Amino acid sequence: MVKVKVLSRSSRQYVPATPGEVTKLRRNLNPRYHPMERATEYTRAVAAAKLERVFAKPFLGAFSEHTDTVQCLGKHPHSVGTVLAADCAGAVRVWDVPRRKALQCIEGAHRHMVTGATYLPDGQAYLTCSRDLTVKLWKATNPEGLSSDELKPVAEYLGEHPFEGISAHQFNTEFATTGQFLQLWDVNRTRPVHSFNWGDDPISTAAYNRSETHLLACCMRDRAVCLFDSRAQRAVVKLYLRNITNAVVWNPMRPMELGLANEDTNLYLCDARSLSRPRKAYAGHTAAVLAVDYSPTGMELVTGSFDKTLRLWDTKSDQTWSRDTYYAKRMQRVWSVAWTNDNNFILSGSDDQNLRIWKAYSHKPLKKLVLREQRALQYNEKLKERFKVFPEVNRLLQRRHIPKEVRAALRTRRAMERAEMRHQENVVLRGGQVKKHVLRDAVLKVEQ
């Protein structure tokens with residue numbers, strides 16, 4: 001007697017329940033039945049890399065109501081879409097980025113250019129400082145029946161020297177200002193609580209540590225970066241670099257890591273526990289780096305430069321070149337940058353009186369994706385990660401359009417580096433000794 005086996009399955013397993021539902025397909029994942037799987041995935045990786053470049057449109061819009069250079073930006077501690085911007089004309093504006101609307105506009109907030117702006121920890125008020133020797137405390141919202149032009153500061157703090165920057169404490173009412181000295185203030189007192197200085201040179205900028213909140217990092221005009229302890233009321237360490245450092249920022253996820261935007265066109269990552277040598281050095285800009293900010297994840301950095309470009313850096317990989325370069329035809333020197341707290345957008349203020357908003361990931365869509373689209377994007381990302389070592393995929397992923405003048409400056413720099421290498425080789429051939437210059441050898445000395 002012949003034994004017959006009959007395949008039987010319910011129609012609910014393959015028939016769509018609704019007219020719009022996608023038909024379910026069953027697939028045998030055994031590699032024996034898919035001998036061309038690797039070749040197929042390579043073809044898909046090349047297509048995914050091409051599509052990434054096709055859909056790479058990072059620029060979203062610009063706020064052009066400012067009348068001078070957007071000098072500084074401040075992020076709201078609790079609201080993702082609220083940003084504080086101040087310009088060199090002395091005006092301060094609070095922007096609602098999603099609606100592209102100014103929530104508050106204070107023309108003539110200061111008699112001189114505004115050099116610093118920051119929110120207090122509760123987000124209900126913000127501080128601005130200027131070279132007119134004043135620090136002003138403002139309410140973040142307009143009282144009822146009062147326009148922005150009629151708004152007056154809640155408090156005003158007078159100094160003896162022009163202020164160059166300001167940074168607020170993470171949890172209490174303390175804030176620090178820079179200028180001829182580093183001064184610690186309290187919102188409830190009209191005079192500084194304490195003053196620090198190390199040498200005769202002024203201090204350009206300062207930043208509070210997110211975790212060790214008593215620790216401040218400061219940039220000085222004598223090419224030094226100094227760490228101060230507000231709890232012990234003394235200076236901790238001072239390191240000298242080859243060039244002036246224009247901006248400093250602490251990593252929000254790694255408390256002891258800080259980024260330094262340097263005048264020598266490079267970005268340095270240092271560990272506050274060991275400052276004798278930078279942990280990493282990133283090269284790519286062709287002019288001085290003026291501003292720097294971390295992403296909320298602490299894994300990426302954005303920098304603004306005198307060469308009119310923004311560059312994004314990936315700190316979790318070993319590569320020392322930027323993962324992307326942003327620029328606009330009319331954009332001039334970039335003086336301030338900010339990475340929003342939702343990790344999706346980047347803000348930049350430049351010399352052309354514009355505040356611009358960019359996508360943090362140029363190829364990713366902004367709309368809400370359905371589950372199939374999310375899985376397709378994740379699959380493409382895994383393909384690009386798997387096949388990025390292949391020449392064709394790597395060429396497509398690394399290809400970027402940059403301005404002609406920046407490209408020409410890069411060619412000139414490479415020619416100079418090759419000439420320097422030939423010179424060192426000739427000296428060695430003649431029996432001489434040459435100390436090779438390494439990018440990470442930027443620290444000249446450290447003082448305790």
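A patch is a group of residues with over 30% relative accessible area and no salt bridge, in which like charges are joined within 9 Å. The close-ups below are taken from a predicted model, and two of them deal with patches.

**View 1. Arginines come together in a positive surface patch.** Here you're looking at Arg399, Arg407, Arg411, Arg414, Arg418 and Arg422, which form a positive patch on the surface. To get your bearings, start from Arg414, which belongs to helix α4, running over residues 404–429. Arg414 passes the accessibility cut-off for patches because its relative accessible area is 44% and a patch asks for over 30%. That value still makes Arg414 partly exposed.

**View 2. Three valines make a nonpolar surface patch.** The residues to pick out are Val2, Val4 and Val6, and their patch covers about 350 Å². Val2 sits in the segment ahead of α1, the helix of residues 37–54. With a relative accessible area of 70%, Val2 is exposed, so it also clears the over-30% bar for joining a patch.

**View 3. Glu52 and Arg53 pair up inside a salt-bridge network.** These two side chains form a salt bridge, with 3.7 Å from N to O. Their surroundings are worth a look: Glu52 is buried at 11% relative accessible area, while Arg53 is partly exposed at 24%. Follow the salt bridges from this pair and you'll also meet Glu381 and Lys384, which are linked with Glu52 and Arg53 in a network. For context, the salt bridges in the model come to 22.

**View 4. Arg273 reaches a buried aspartate.** The side chain of Arg273 meets that of Asp271 in a salt bridge, at an N to O distance of 2.9 Å. Are the two partners buried or exposed? Arg273 is exposed, with 66% relative accessible area. Asp271, on the other hand, is buried at 19%, a value that counts as buried because the cut-off is under 20%. Asp271 is also where strand β20 ends, since that strand covers residues 266–271.

**View 5. Lys367 and Glu373 form another salt bridge.** In this pair, N to O is 3.4 Å. Lys367 is exposed, and its relative accessible area is 54%. Glu373 has 30% relative accessibility and is therefore partly exposed.

**View 6. Ile166 is buried in strand β10.** The strand in this view spans residues 165–168, and Ile166 is part of it. Ile166 counts as buried, with a relative accessibility of 12%. Which residues does Ile166 touch once its neighbours within four places in sequence are left aside? The contacts are Gly116, Ala117, Thr118, Leu127, Cys129, Val135, Phe175, Ala176 and Thr177. If you go looking for Met253, 87 residues away along the chain, you'll find its C-alpha 22 Å from that of Ile166.

**View 7. A loop residue, Ala109, is buried.** Ala109 lies in the loop that joins β5 (101–106) and β6 (114–119). Loop or not, Ala109 is buried, with 0% relative accessible area. Setting aside its neighbours within four places in sequence, Ala109 is in contact with Gly90, Val92, Lys136 and Trp138. Glu300 is 191 residues away along the chain, and the two C-alpha atoms are 34 Å apart.

**View 8. Asn266 is found in strand β20.** This strand takes in residues 266–271, with Asn266 at its start. Asn266 is buried, and its relative accessibility is 6%. Along the chain, Gly284 is 18 residues from Asn266, and their C-alpha atoms are 7.1 Å apart.

**View 9. Zooming back out to place the close-ups.** The secondary structure adds up to four helices and 29 strands, and the C-alpha atoms fill a box of roughly 105 × 80 × 45 Å along the principal axes. The protein has 448 residues, of which 47% count as buried. Take the contacts between residues at least 6 apart in sequence, and 48% of them join residues at least 24 apart. The protein exposes about 24700 Å², with 52% of that supplied by carbon and sulfur atoms. As for charge, there are 70 positive and 47 negative ones, and their mean positions lie 11 Å apart.

Conventions. Residues numbered from 1 in each chain as written. Heavy atoms only, no water. Salt bridge = Lys/Arg side-chain N within 4 Å of Asp/Glu carboxyl O. Buried < 20%, exposed > 50% of the residue type's maximum accessible area, 1.4 Å probe, protein only. Helix = DSSP H or I, 4+ residues; strand = E, 2+ residues; numbered from the N terminus. Contact = heavy atoms within 4.5 Å. Areas by Shrake-Rupley, 256 points an atom, 1.4 Å probe, with all protein chains shown as cover. Lys, Arg positive; Asp, Glu negative; His and termini not counted. Charge placed at Lys NZ, Arg CZ, Asp CG, Glu CD. Patch = residues over 30% accessible without salt bridge, like charges linked within 9 Å, V, L, I, M, F, W, Y side chains within 5 Å.
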